[in-house]
Structure formats: C-alpha cells, structure tokens
Amino acid sequence: MTDDRKKSSSTKTISAQGDAHVVTISLSPIKSHTGSKPTEPSREFVLQPGTLGLTFDKDKPTTVVNVAARSSAASAGILPNMVLLTVSGKSVVNSTDVNKVLEKVARTNKSYRCVFRLEPKVIPTPTPTPEPISEPEPTPVVVVPDTGKVTLHYNMYSEMFDISLGSLPVATVDSEYCLSDIMPGCQLLFADRSQFGNPYVNEDENKCFTGLRDGREYWVYIIEDPVQEQEDRAKMAKLIAEMDVEETGKADDYSEACREMGMTESCSCIEGNPCVNELCCRDWYRRFEIAAKNGWKGH
C-alpha cells in the first residue's frame, strides 16, 4: 500500500467463523460508480460463496429490508436499510434483480467483494397543526321599527292608521272605532293572521301596540268586561223577549232601550234596511228577512 493510499483510507480486516466470510470496513467514504461521493460512508464486504440471507426491497431492488438471523450476511455486519452499490467491482445501482447478480457470482465458488452504503433514515417533517380559524363575530342585525301605515280590520270596518316606530296607541284605535263607548271596560287585541303560532301583537306598558310593520294588515279583537257583558246580555235578552219582530209598532221602545245601553244606533231592519251592527239588531240572523218584509228590495 502506497503512502498516498494510506492517507485516503484506513482498513481493518476481521475474520470470523473459520474464514467463512471476511469483512473489510472502509472508514472513509468510497466513491460510487459515478465518481461522486455518497452522503454516508460505504462499507466493503469480502464474501465467500454461500447463502447470504438478504432480502431486498421490491420497489428499491438494491436496498436491504431484512437480514436473516445467524446468516453469513448478519455475521458480516450487513444491516437493513443498507444499499448495495457494487458486486465484484461492477455497479448494481440500476439492477432490477440483485439476487440474480449475487447468485451468479456465488456460483463461481470464489470470494467476491460487495460495497454497501448505509442509507440515512429520513425523518419525516411533522406537518404543522394549522391554527384554528376563529369565526368572525356575527354582525348583529339591527331592525329599525317601521314608520308608515297599517290597515286595521274590525267587523265591517277597515281603516288605515299611522304608526310611528312600529307603535300605535290603543286609545287611537278605540277612539276611531268607539269600542269602549259601546262596550265599557273592554280590552283590545291586535292579531297578525300571517303569523304562525301566536298571532297576537304585543302591547307595552304605555298602552301601545308594538312591532307593527308598514303596509301590513291587522285584525282587531275585543274581550268584553265580564261584568258589563253579563249586564248587556241580560238587557238584550229582556229586550228580545218583549219584542214582536212581526210588528213595527215597538220600534220606538227598542230605540229607547238601545239608547239606555249607550248605543246611538237602533234596529233598522223594521224600517226596510238590514242592520249592520249585531248589537243594535233585534234579530241579527233574520235581518234580511225582516227588512224584506218592511220594503227592502235587496241588492
């Protein structure tokens, strides 16, 4: 060995199992067949003919994936993940069946040299866990109460009322329809028939209906004062019992009774004109028949 070669490499020969195999370890990287230095140090093994006990990767034919226990390859120090570079000085990097190459060399019954490189383990880079994306705070929906007009239906009446910021005083409706004049102590309710569930409109502490929408239609319902309702029913029952709907002579008496109840209207059926107010009618369900008997021609 020349001095130059001593500077470039240092070798150590180990004999084991009756010289069944000889291992020569190169302590400095050995150049590959392409002339470039491998990234990991290579090891050169001088092997005798026989079964090595190596299994190579199917996808990477030169990479060792398994070394049989107590085999000559295991005794020589060949490890999984080593890559076979040369056999008897010939490159096998591009070989698709390394086993055939080794079998062919072994049949010569001569020792042969193999160079392996320990493939560095690739540690996968951990995928960073993405930061949770915080959902933006929902923008609160601000509902501006309507200002405009609504239509209120009650009995045969349908009038439009002004609303301000979705509000309408109960007293305004009561004054227009004269409801408490006819039914003292009554309670007014608004209903939106387009709503499912509870259709009634809220009434605030200021006695105003709230949440009304411009252009909508609402229906007015009355809850009569219980005491007043009983009194009215008693008066009407007495009045009807005393009336003879076939005669017209008692019209004045009936009108007087209506005035006593605070009603400004009287039954017009006996005058040949069907009533439009049930409370002032002598016989609401027969009003058209009675009016016809008294000269009504019908429409």
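The following dialogue reads selected features of a predicted model.

User: How many helices and strands does the chain have, and what share of its residues is buried?

Analyst: The secondary structure comprises eight helices and 14 strands. Of the 299 residues in the chain, 34% are buried, where buried means under 20% relative accessible area. The accessible surface of the chain comes to about 20,000 Å², and carbon and sulfur atoms account for 52% of that surface.

User: Among contacts between residues at least 6 apart in sequence, what percentage joins residues at least 24 apart?

Analyst: A contact here means heavy atoms within 4.5 Å. Among contacts between residues at least 6 apart in sequence, 49% join residues at least 24 apart.

User: How should one read the sides of a helix, and which residues of α3 are buried?

Analyst: The idea is to take the directions from the helix axis to the C-beta atoms and to consider the arc that they cover. In α3, which spans residues 98–106, the buried residues are Val98, Leu102, Val105 and Ala106. These residues lie on the same side of α3 because they cover an arc of only 100 degrees around the axis. The face turned away from that buried side carries Lys100 and Lys104, which are exposed.

User: Which elements do the buried residues of α3 pack against?

Analyst: Their packing partners are the strands β4 (54–56), β6 (82–87) and β8 (112–118).

User: What is found at the start of α3?

Analyst: There, a side-chain oxygen of aspartate 97 comes to within 3.4 Å of the backbone nitrogen of asparagine 99. The cut-off for a polar contact is 3.5 Å between N or O atoms.

User: Which residues of α4 are buried, and which are exposed on the other side?

Analyst: The buried residues of α4 are Val170, Val173, Asp174 and Tyr177. They cover an arc of only 100 degrees around the axis, so they fall on the same side of α4. On the other side, Ala171 and Ser175 are exposed.

User: What backbone angle does cysteine 178 take just after α4?

Analyst: Just after α4, cysteine 178 has a positive phi of about 55 degrees, although it is not a glycine. This residue sits in the loop between α4 (170–177) and α5 (179–182). With a relative accessibility of 34%, cysteine 178 counts as partly exposed.

User: What is the phi of asparagine 81, and where is this residue found?

Analyst: Asparagine 81 is likewise not a glycine, and its phi is positive, at about 80 degrees. It belongs to the loop between α2 (72–76) and β6. Its relative accessible area of 26% makes asparagine 81 partly exposed.

User: Is arginine 70 buried or exposed, and where is its place in the chain?

Analyst: The cut-off for an exposed residue is a relative accessible area over 50%. Arginine 70 is exposed because its relative accessible area is 80%. It is located in the loop between β5 (64–67) and α2. Arginine 70 and leucine 52 are 18 residues apart along the chain, and their C-alpha atoms are separated by 9.9 Å.

User: Which residues form a nonpolar patch on the surface?

Analyst: For such a patch, nonpolar side chains are joined within 5 Å. Met156, Tyr157 and Val276 form one here, with about 260 Å² of accessible area together. Methionine 156 lies in the loop between β9 (148–154) and β10 (157–163). Its relative accessible area is 43%, so methionine 156 is partly exposed.

Terms used
Residues are numbered from 1 along each chain as its sequence is written. This is a predicted model: local features need pLDDT of at least 70, side-chain atom pairs count only at pLDDT 80 or more; totals for chains, interfaces and linings use all residues. Side-chain values use heavy atoms; hydrogens and water are left out. Patches are made of residues with over 30% relative accessible area and no salt bridge: like charges are joined within 9 Å, nonpolar side chains (Val, Leu, Ile, Met, Phe, Trp, Tyr) within 5 Å. Accessible areas come from the Shrake-Rupley method with a 1.4 Å probe; for residues, only the protein chains shown count as cover. A salt bridge is a side-chain nitrogen of Lys or Arg within 4 Å of a carboxyl oxygen of Asp or Glu. Helices (H or I, at least four residues) and strands (E, at least two) are DSSP runs, numbered from the N terminus. Buried means under 20% relative accessible area, exposed over 50%, partly exposed in between (1.4 Å probe, protein chains only). A polar contact is a pair of N or O atoms within 3.5 Å; within protein, one must be able to donate a hydrogen and the other to accept it, and residues adjacent in sequence count only if both atoms are side-chain atoms.
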